[in-house]
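Q: I'd like to learn how to read a fold like this one. Could you walk me through it?

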Amino acid sequence: MRRCYLPVALWALAGLGQAQTPELSVMCSQGLTGDGCRNAQTSVRVVLEVLRPALRSWRFIVVPDTRWADTCKAFRLKPCVPAFSNLKIRATYLNSRLAVLIDGTFDEEMAHYTRLTGENRLEWVLAHEFGHILCGTADQNVAEDAGLRLRGSGGPAGCPVDADRKRTMTTARR
Ligand SMILES: [Zn+2]
């Protein structure tokens, strides 16, 4: 996989001031329709606009909570974490509960992963996934570090030179 480190200026040009770079699409999977889908799409787009990952041709698929367990099963994902990326099909799957930006209620299960809530939580999750994707690594620490840098600078993630390339993603064997 080619890893790209587009300068921020190039990224800005490519985006042409649009709310979203066209190559990044946000879709809803079966069972998430109407306002529920539109709100989730908006949430993800808001965060993509903040993070601006140097990423081409990638899909974000929001899956309703009721179908999340089946989605994990389909990808043989254990444990069934609330978000994961698949390099082969160039897609990131998100549990719809992550795509709620203003969360009035305490989500105990999500709190197991982070104390952040709402938009900050979604930003953390997506930045972490971009760490995996942009660095081409399954290493959680490398992904988290790259995600932190991405959140801090709003620029390219910057991967360590000897990130372990041989390890596989959770679901994608390369
Ligand atoms: Zn991870």
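**Reading the fold step by step**

A: Sure, let's begin with burial: of the 174 residues in the protein, 30% are buried. Keep in mind that this is a predicted model.

Q: What does the secondary structure of the protein come to, and how do the elements run from the N terminus on?

A: Count the elements, then read them in chain order. Here there are six helices and four strands, and starting at the N terminus they go α-β-α-β-α-β-β-α-α-α.

Q: In which order do the four strands sit in the sheet?

A: Sheet order is read across the sheet, from one edge to the other. In this case the four strands make an open sheet with the order β1-β2-β4-β3 and mixed pairing. At the edges sit β1 (24–28) and β3 (83–86), each pairing on one side only. From one strand to the next, the twist averages 20°.

Q: In which sense do β2 and β4 pair?

A: Look at the bridges between the two strands. β2 and β4 (residues 91–95) are parallel, with five bridges. One pair to find in the viewer is R59 and its bridge partner in β4, A91.

Q: Which helices lie across the strands, and at what angles do they run?

A: Take each helix with the strands it crosses. α2 (residues 34–51) lies across β1 and β2, at about 155° to β1. Over β3 and β4 you'll find α5, running at about 25° to β3.

Q: Now a single residue: where is I61 found, and what does it touch?

A: I61 is in strand β2 (residues 58–63). Leaving out residues up to four places away in sequence, I61 touches M27, S29, A91 and Y93. As for V44, it is 17 residues from I61 along the chain, and their C-alpha atoms are 9.7 Å apart.

Q: Why does I61 count as partly exposed?

A: Burial is judged by counting C-beta neighbours, and a buried residue needs 20 or more within 10 Å. I61 is partly exposed because it has 18 C-beta neighbours inside 10 Å.

Q: And where is Y113 found?

A: Y113 is in the loop between α4 (108–111) and α5 (118–135). Y113 is partly exposed, since 16 other C-beta atoms lie within 10 Å. From Y113 to P82 it is 31 residues in sequence and 8.9 Å in space, C-alpha to C-alpha.

Q: What share of the contacts with a separation of 6 or more comes from residues 24 or more positions apart?

A: For that, sort contacts by sequence separation. In the protein, the share is 64%.

How values were computed: Residues numbered from 1 in each chain as written. Predicted model: local features only at pLDDT ≥ 70, side-chain atom pairs only at ≥ 80, totals over all residues. Buried ≥ 20, exposed ≤ 12 C-beta atoms within 10 Å, placed from the backbone. Contact = placed C-beta atoms within 7 Å. Pairing = 2+ DSSP bridges. Axes fitted to C-alpha atoms, helices over the stretch in contact; angles between N-to-C directions.
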